[in-house]
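Colleague: I would like a close look at one part of this model, with the rest brought in where it helps.

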Amino acid sequence: MRKALPVLVVLAAILGIWWLAVAPMNIRIALDGAERSGAAVVPEGARERQEVSVWALMARNPDLVPLSYAQERPRLPTPGQVATEFWDTTGAMALDGRAMSRRSLLFHAWITLQSTFWGFLLGTSLGIAGAIGIVYSRTLNLSLMPWAIISQTIPIVALAPMIIVLASQLGIEERGVPKAIISAYLCFFPVLVGMVSGLRSPAAAQLDLLRTYSATPSQGFWKLRLPASVPYLFASLKVGIAAALVGTIVGELPTGAIRGLGARILIGDQFGTPLAIWAALFMAAILAGVLVTFLDLAQRVTLRRMGLAEAAR
Amino acid sequence: MTAPLFFALLFWLAAWGVNVKLANAPGRDSLGVRIVVPLLFGAALIVLWEGLVRHFEVLPVILPAPSVVWETFLASTEILWVDFQQTVLKGALRGYAIGCAVAVLCAIAIDRSAFLTRGLLPVGNFVAALPIIGIAPILVSWFGFDWQSKAAVVVVMVFFPVLVNTVQGLREADAMQRDLMRTYAASYRQTLWKLRLPAAMPFVFNGLKIATTLALIGAIVAEYFGSPTRGMGFRISISVGSLSIDLVWAEIAVAALAGTVFYGLVAFIEKRVTFWHPTNRK
């Protein structure tokens, strides 16, 4: 309770600011609509109103301010509108038995989740394999590590449109493949860098101890380096899954995609339905939250079982 | 086996051999080796790429050879410079400056209330993991097609990582040091300015460094949703559409260079500011 209360207060404050911002954001289109349907608006004419600030408009048309909160295509929807849209395209459709229909956000989230998952799996495996190579080969360490670090400073998503076109040029029909490659690419480097420091985390004394036991290199890997790297692994997995989700969504943005949360955002943008964009954004946020929370739980359980509970905190 | 492939494989093997020698030689920890080995590795990769493209006669619409990319780069420096100005100098840098400044000021304001800090840290950490890039179309429709909307996307993207890191950094000064300031009868302002902000700098710079990459990503991706007829994201999506992949690679090279230099600059300033920190002491 002591932890939850401040968070709830902050969330309530954010919702409050959002709700208050709706009026100034939407007042212009609200007044335009009201004037068209015959209400008296001061000053008259959309052109004249461009000269007046939104605050003055609100002060001079106090009766019409509530209209800002009931726009069909608002510049900024109210939290309530977003929640309604979200429920209409998820829960309500699921209750109807149409959870996997094309219009359902659950369907699009499922598409996005699949690509994210495969990309995450691919990127993580390659990252771990690369880290093992770097830790055990001095040449690989000197050649690859600087590039791995530099590549983290590069906006890799710029590659996304090209990978999609490349995939279609090569005749890969399945749209999930290029998206998964982009997510794999984005989560590869954080995992690689995290695992390298994890595999190197055992102290020299611990490595020496194994040497006095005349342990083989593979025993040293399985019994010391790999267990020691687990806390680092989970930390980088959490960064990696968030990056993989961003990769998939960006991969769905270029024109042509029709399925997935990114495509919903794009279609909402093109057809001028802001509520659809906002609902898709919330779905993406929930997806990210669920994935990170799941990894967080897995981390706690694993570390407790390994007797590393202190590292989990 | 054709000549280009043979040469490329030979170069790759030779470079790898030299790297193995260098990496296991007595002087392996010297600065020269640390610079030469990765450069040689990178060069070998590029030569291999060139050789493979020439040998298999890969269509330039799929993967252009590095030499073609280089020629395109030299031939279109004017376009690249205009795009660089639009995306990096106008969109990313201005957004970065505004976003980071606002985030640091917010962190200082929040820090006065322990209650707010406890509430905002989890929320900020959560938001930092979200795919914020998705708000780009909304901000483009709010702020128009020009750089203002790109800067707005960048502000939102860099805000939370910098905020969270700064708030954490401001807690860094320990009780002993704060007590010392109190015995000097230092005011809140003096304590903040002379003790807590300097102590927070390693954390602040950590956030600033994460934000450099985010700023470029935000500025580039936001251009996919509409931009004036210039900008790196705009050029990439247009060139992909017209299958001039060599120009895309040239833009990506510029983006990579800009990202590295931007990060390097922030890291350089960090070294100057946090000279007292153990990791920077000689």
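Over residues 102-274 of chain B, how much of the chain is helix, how much is strand, and how far apart are the end C-alpha atoms?

Modeller: Over that stretch chain B is 81% helix and 0% strand, and its end C-alpha atoms lie 21 Å apart. Helices (H or I, at least four residues) and strands (E, at least two) are DSSP runs, numbered from the N terminus. Residues are numbered from 1 along each chain as written, while chains are lettered from A and ligands numbered from 1 in the order of writing. The model is predicted: local features need pLDDT of at least 70, side-chain atom pairs count only at pLDDT 80 or more, and totals for chains, interfaces and linings use all residues.

The bounds you chose come from UniProt, where an unreviewed entry places "domain: ABC transmembrane type-1" at residues 102-274 of chain B. Such positions are given in the numbering used here, with feature names shortened, and annotations may be inferred rather than shown by experiment. The unreviewed entry for chain B also annotates "transmembrane region" at residues 33-49, 93-111, 123-145, 151-170, 203-227 and 247-269. Two of these can be looked at in detail. Residues 247-269 of chain B are 100% helix and 0% strand, with 33 Å between the end C-alpha atoms. Residues 203-227 of chain B are 80% helix and 0% strand, and there the end C-alpha atoms are 35 Å apart.

An automatic or database domain assignment cuts the chain in another way: chain B has domain 1 (3-58) and domain 2 (73-280). Taken over C-alpha atoms, the centres of these two domains of chain B are 35 Å apart. The chain as a whole has eleven helices and zero strands. Its C-alpha atoms fill a box of roughly 80 × 60 × 30 Å along the principal axes. Of the 282 residues of chain B, 41% count as buried (20 or more other C-beta atoms within 10 Å of the residue's own; exposed means 12 or fewer, partly exposed is in between, and C-beta atoms are placed from the backbone). Residues are in contact if their C-beta atoms, placed from the backbone, lie within 7 Å. Among contacts in chain B between residues at least 6 apart in sequence, 77% join residues at least 24 apart.

The next topic is what lies inside. The largest nonpolar core has 138 residues, and B:V154, B:V158 and B:A215 have the most contacts inside it. A nonpolar core is a set of buried Ala, Val, Leu, Ile, Met, Phe, Trp, Tyr and Cys residues joined through C-beta atoms within 7 Å. If neighbours within four places in sequence are left aside, B:V154 is in contact with B:G91, B:A92, B:G95, B:Y96, B:G99, B:A215, B:G218 and B:A219. Another core, of nine residues, lies apart from the largest one, and its members include A:A30, A:L31, A:L64 and A:L76.

Chain B also meets chain A. The contact takes 47 residues from chain B and 44 residues from chain A. On the side of chain A that touches chain B, α1 (4-36), α7 (138-151), α8 (160-169), α11 (217-252), α12 (261-270) and α13 (274-305) each supply at least two residues.

One of these, α12(A), deserves a closer look. Eight of its ten residues are buried, so α12(A) is largely enclosed by the rest of the structure. The buried residues in α12(A) are A:L261, A:G262, A:A263, A:R264, A:I265, A:L266, A:G268 and A:D269. What covers them includes α6 (136-143) of chain B, together with α6 (105-136), α11 and α13 of chain A. Just after α12(A), A:G272 takes a positive phi of about 65 degrees. Helix α10 (residues 204-212) of chain A is hardly covered, with zero buried residues among its nine. It is followed by A:S214, whose phi is positive, near 50 degrees.

As for the partner as a whole, chain A has 14 helices and zero strands. Its C-alpha trace spans about 90 × 55 × 45 Å along the principal axes, and 41% of its 313 residues count as buried. Chain A is divided into domain 1 (4-75) and domain 2 (105-312), with 42 Å between the domain centres, taken over C-alpha atoms. The "transmembrane region" annotation from UniProt (unreviewed entry) lists several spans in chain A, including 6-27 and 147-168. Residues 6-27 of chain A are 100% helix and 0% strand, with end C-alpha atoms 33 Å apart. Residues 147-168 of chain A are 64% helix and 0% strand, with end C-alpha atoms 29 Å apart.

Notes:
Contact = placed C-beta atoms within 7 Å.
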